[in-house]
Amino acid sequence: MKEPNEKKIAGLVRELLIELGEDPEREGLKKTPVRVAKSLAYLTRGYRQKMKAVVNGAYFKSGTNHMVILKDIELYSLCEHHMLPFFGKCAIGYISKGKVLGVSKLARIVDMFARRLQIQERMTEEIANAIMAETKAEGVGVVIRAKHLCMMMRGVAKQNSEMVTSAVLGSFRSDERVRQEFLSLIK
């Protein structure tokens, strides 16, 4: 995917400000269209990332097949329905088969999928499927807990609501003991 045309986005934001009844030439808003364009380009950079570049060959041989867990991975995304932020934490677990992925790459994979217009349910599945495909793991589990500003600021206005989604693949799906171990370790 090509880089977004920030100049065009800034022009559209300027038009939006006018349509909302604002004066884009007033002191506080003069540079807002450019700032919003740059912000949106950054917040959607996941569309322009590829797994191969994100992982960058960071595999390491491992003779064990024990569970590997990284939890409390912060994530920030934009709801595709309202383009309002949602944010939270992700936990990832997998059982390796001969190789492990560099730990920072797990967080980078989360960012790659979070930096898109998203729904949490799909993002959870995308992360799990990507890790399974990259690691060829015996099993993968992903749990995301997030707060959605579209729920908090508008509509039903429920400030304390938190959405929890999970995706389990391979042994995490087929073996109840593996799934329970993962869930107990991420608490």
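## Salt bridges and a ring pair in a predicted model

Of the 187 residues in this protein chain, 40% count as buried. Keep in mind that what you have on screen is a predicted model.

Let's start with the overall picture. The chain's secondary structure comes to 8 helices and 7 strands. Taken along the principal axes, the C-alpha atoms fill a box of roughly 65 × 40 × 20 Å. If you look at contacts between residues at least 6 apart in sequence, 69% of them join residues at least 24 apart. As for the surface, the chain exposes about 11000 Å², and carbon and sulfur atoms supply 55% of that.

Now for the charges. The chain carries 32 positive and 21 negative side chains. The centres of these two sets lie 4 Å apart. The structure holds 9 salt bridges, and three of the pairs, listed here, can be followed in some detail.

| Salt bridge | Closest N to O |
|---|---|
| K38 and E6 | 3.4 Å |
| E80 and R122 | 2.4 Å |
| E162 and R145 | 3.5 Å |

Take K38 and E6, which form a salt bridge. K38 belongs to helix 2 (residues 32-43) and E6 to helix 1 (residues 6-19), so this bridge ties together parts of the chain that are 32 residues apart in sequence. How open are the two ends? K38 has 49% relative accessibility and counts as partly exposed. The cut-off for exposed is over 50%, with partly exposed lying between that and the buried class, so K38 at 49% stays in the partly exposed class. E6 is also partly exposed, at 29% relative accessibility.

Next come E80 and R122, with their closest N and O atoms 2.4 Å apart. Here a loop meets a helix: E80 sits in the loop between strand 2 (67-79) and strand 3 (85-95), while R122 is in helix 5 (residues 120-135), so the bridge ties together parts that are 42 residues apart in sequence. E80 is partly exposed, with a relative accessible area of 32%, and R122 is partly exposed too, at 31%. There's a further partner to look for here: E80, R122 and E126 are linked in a network of salt bridges.

The last row of the table is E162 with R145, whose side chains meet at 3.5 Å, N to O. This time the loop lies between helix 6 (149-152) and strand 7 (163-170) and holds E162, while R145 is in strand 6 (residues 139-148), so the pair ties together parts that are 17 residues apart in sequence. E162 has a relative accessible area of 44%, which makes it partly exposed. R145 counts as partly exposed as well, at 43%.

Finally, have a look at the aromatic rings. The structure holds 1 aromatic pair. That pair is F172 with F182, arranged edge-to-face, with 5.3 Å from centre to centre and 65 degrees between the planes. The two rings link distant parts of the chain: F172 is in helix 7 (residues 171-174) and F182 in helix 8 (residues 176-185), 10 residues apart. Are these two residues buried or exposed? Both F172 and F182 are buried.

Note on methods. Residues numbered from 1 in each chain as written. Predicted model: local features only at pLDDT ≥ 70, side-chain atom pairs only at ≥ 80, totals over all residues. Heavy atoms only, no water. Helix = DSSP H or I, 4+ residues; strand = E, 2+ residues; numbered from the N terminus. Buried < 20%, exposed > 50% of the residue type's maximum accessible area, 1.4 Å probe, protein only. Contact = heavy atoms within 4.5 Å. Areas by Shrake-Rupley, 256 points an atom, 1.4 Å probe, with all protein chains shown as cover. Lys, Arg positive; Asp, Glu negative; His and termini not counted. Charge placed at Lys NZ, Arg CZ, Asp CG, Glu CD. Salt bridge = Lys/Arg side-chain N within 4 Å of Asp/Glu carboxyl O. Phe/Tyr/Trp six-rings, centres within 6.5 Å; stacked < 30°, edge-to-face > 60°.
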